[in-house]
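The following note sets out some points on the model for a colleague's consideration. They begin with local backbone geometry and then turn to the chain as a whole.

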Amino acid sequence: MALQLGLDTRIIIIGCGISGIGAAQKLVKHGFKNVRILEATARSGGRVKTGRMGDNIIEMGANWIHGPSEENPVFRLARQYDLLEPEALTPENQAMEIKGHPPWLSNWFSSSGKKLSYEDTYPAVGMFNDLLDESGDYHDKGEEPWPSVGDFIRTQASQRAAEQWADEDPSTRAMRLCLMSTLMKVECCVNGTHSMDEVGLGAYGMYKSMPGLDCTFPKGYEGVVKNLMSELPGGTTSYRRPVHCVHWNSTATGEHPVTVECEDGERITADHVIVTVPLGYLKKHHSTLFSPALPLHKLHSVQRMGFGTNNKIYVEFDSPWWDEDCEVIYLLWEDEVDMVDQVPDLQRSWIKKLFGFTVLKPTERYGHVLCGWIAGHESEYMETLSEQEVTHSVTQLIRRFTGNPIITPRSVLRSQWFHDPWTCGSYTYPGTRCSAQDLQNLAEPLPAKGADSQPPFQVLFAGEATHPCYFSTVHGALLSGWREADRLISHYSSIKPKSKL
Ligand code: 6YU
């Protein structure tokens, strides 16, 4: 059988996140015997990271399966491993077309301590959602009349507000524009960017959503990781083994063209290395991670693609201050008529970037726990503060917006993805100068087949940032790992055994 060829080939995978695990699982399943994962930290899962807050299971990284339906491989695995609630499996849930924005029931609070009604909020929410939908269309149109999604939304919203809300009193118009500032901050979190001014209008539509109403894992996202890991032979992964440099195209090592140099000085030779480190890490360390250096076109794509920060701040209360059916709480600052998504002074007003909270459901399981969301440089600054300082700012914020001067959280817990040395941020977004070519360049192996006289596919690239339309997600990461495993599988399947003389 042709596939038997190459099964002894040495394959090293850098990173034990979902893409690295997926690549290893597929290679092992196909009979490759010499697969090894080198992971910098002491755990598997990377940005899939389940934690605890008291008795509650919470997610520090990935939260939902985005688009849980048949074509989503994470959904299929979660179903196979029996990790989901029955509701997530229903045909109705799988068929819902939400385009990345679940139709959650919301409560709106303003900075003067007022609760807004549905009538107050729906005109601006409707206009904003239309503008977001329209932003996605520019990719297929092949034109980019504004450089960024932020510019497009801001100009169009001002114009449409002047036309459509001309008869409203000035305070109503102002409140609606402030509401759009909050929704811009929501989008900063969704996209993992500092500002929507940094997300390319033409590139925004490269991201594709799948049908299905986003769902969570009652016992934690890491269930997927644990089940996948159990399919690998024991000892496949070496933990606390950061890689310092991948030496490729090397003729000095005899049979094996690649040498992986670990930070502890160990040097491991290989035929192929699959690099799955996050784009944030690659941006910071590319010059030391590869020798020879990355080709220029690949490096430019690493630099052009965006990688930003989105953090969570979990807050637990003794009793709720939101409606029983509420799924998301939005905070509206009454001085933000300019549709801003950045604060003027990080130290004094970083907390203004927090758009609000999602409510952990069901209440019977979680009690009264909210998850606050904050993106961008304000989020990176938040990471530098002590837990007490974060708790203080969140408490003051909630007191102001509820008008309740004594409300006090029982506990607070936040993530710190920007200062995680192996991630350096949260996830990928399409920057203003990006195109589909950049994602293609990120995924391109070194050297490409037939590029020169060196053996092909010495260094392969997987990870969420390398998926052409599902970047920034767990399913994108998994598919990218499977893609690179398939690349090697078909490479060895296509090699004809040499006939014996
Ligand atoms: C999703 C969601 N979600 C919230 C937050 C975060 C992310 N995502 P990994 O980093 O996992 O693995 C790499 C490993 O490499 C790691 O273990 C390192 O330690 C190791 N490493 C690094 N350097 C090394 C070295 N030198 N040597 C050895 N090892 C090294 N995705 O599907 N649903 O709800 C969220 C969310 C706070 C931080 C998310 C979500 C993103 C996923 O978590 C992420 O993509 C994958 O886990 C990455 O796996 P990986 O294997 O590639 O890397 C236009 C437009 C766009 C709109 N985008 C909308 C999409 C929305 C994205 N949603 C995110 C939202 C949340 C809330």
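1. D82 is exposed, with a relative accessible area of 65% in this predicted model. The residue is not a glycine, yet its phi is positive, at about 60°. D82 is placed in the loop that runs between helix 2 (73–80) and helix 3 (86–89).

2. S472 also deserves inspection, being a residue other than glycine with a positive phi, here about 80°. Its relative accessible area is 21%, and S472 is therefore classed as partly exposed, given that buried means under 20%. The loop that holds S472 lies between strand 20 (459–461) and helix 17 (474–494).

3. Two cis peptide bonds should be checked. One joins S291 and P292, with omega at about 0°. P292 is found in the loop between strand 12 (290–291) and helix 11 (296–304).

4. The other cis peptide bond links K361 to P362, and its omega is about -5°. P362 belongs to the loop between strand 16 (356–359) and helix 13 (363–366).

5. Helix 7 covers residues 170–191, 22 residues in total. From first C-alpha to last, helix 7 reaches 32 Å, close to the 32 Å expected at 1.5 Å a residue. Helix 7 is mostly covered, as 17 of its 22 residues are buried. Just after helix 7 comes G192, with a positive phi of about 70°.

6. As to overall architecture, the chain contains 17 helices and 20 strands. Its radius of gyration is 24 Å, close to the 23 Å given by the globule rule for 501 residues, so the chain is as compact as a globular protein of that length. Taken along the principal axes, the box filled by the C-alpha atoms is roughly 90 × 50 × 45 Å.

7. How much of the chain is buried? Of its 501 residues, 57% count as buried. Considering contacts between residues at least 6 apart in sequence, 75% join residues at least 24 apart.

8. The final point concerns surface and charge. The accessible surface of the chain comes to about 21400 Å², and carbon and sulfur atoms account for 51% of this area. The chain carries 47 positive and 62 negative charges, and the mean positions of the two sets are 7 Å apart.

Definitions and conventions: Residues are numbered from 1 along each chain as its sequence is written. This is a predicted model: local features need pLDDT of at least 70, side-chain atom pairs count only at pLDDT 80 or more; totals for chains, interfaces and linings use all residues. Side-chain values use heavy atoms; hydrogens and water are left out. Helices (H or I, at least four residues) and strands (E, at least two) are DSSP runs, numbered from the N terminus. The radius of gyration is taken over C-alpha atoms; the globule rule is 2.2 Å times the number of residues to the power 0.38. Buried means under 20% relative accessible area, exposed over 50%, partly exposed in between (1.4 Å probe, protein chains only). Contact means heavy atoms within 4.5 Å. Accessible areas come from the Shrake-Rupley method with a 1.4 Å probe; for residues, only the protein chains shown count as cover. Lys and Arg count as positive and Asp and Glu as negative; His and the chain ends are not counted. The place of a charge is taken as NZ of Lys, CZ of Arg, CG of Asp or CD of Glu. The expected span of a helix is 1.5 Å times one less than its number of residues.
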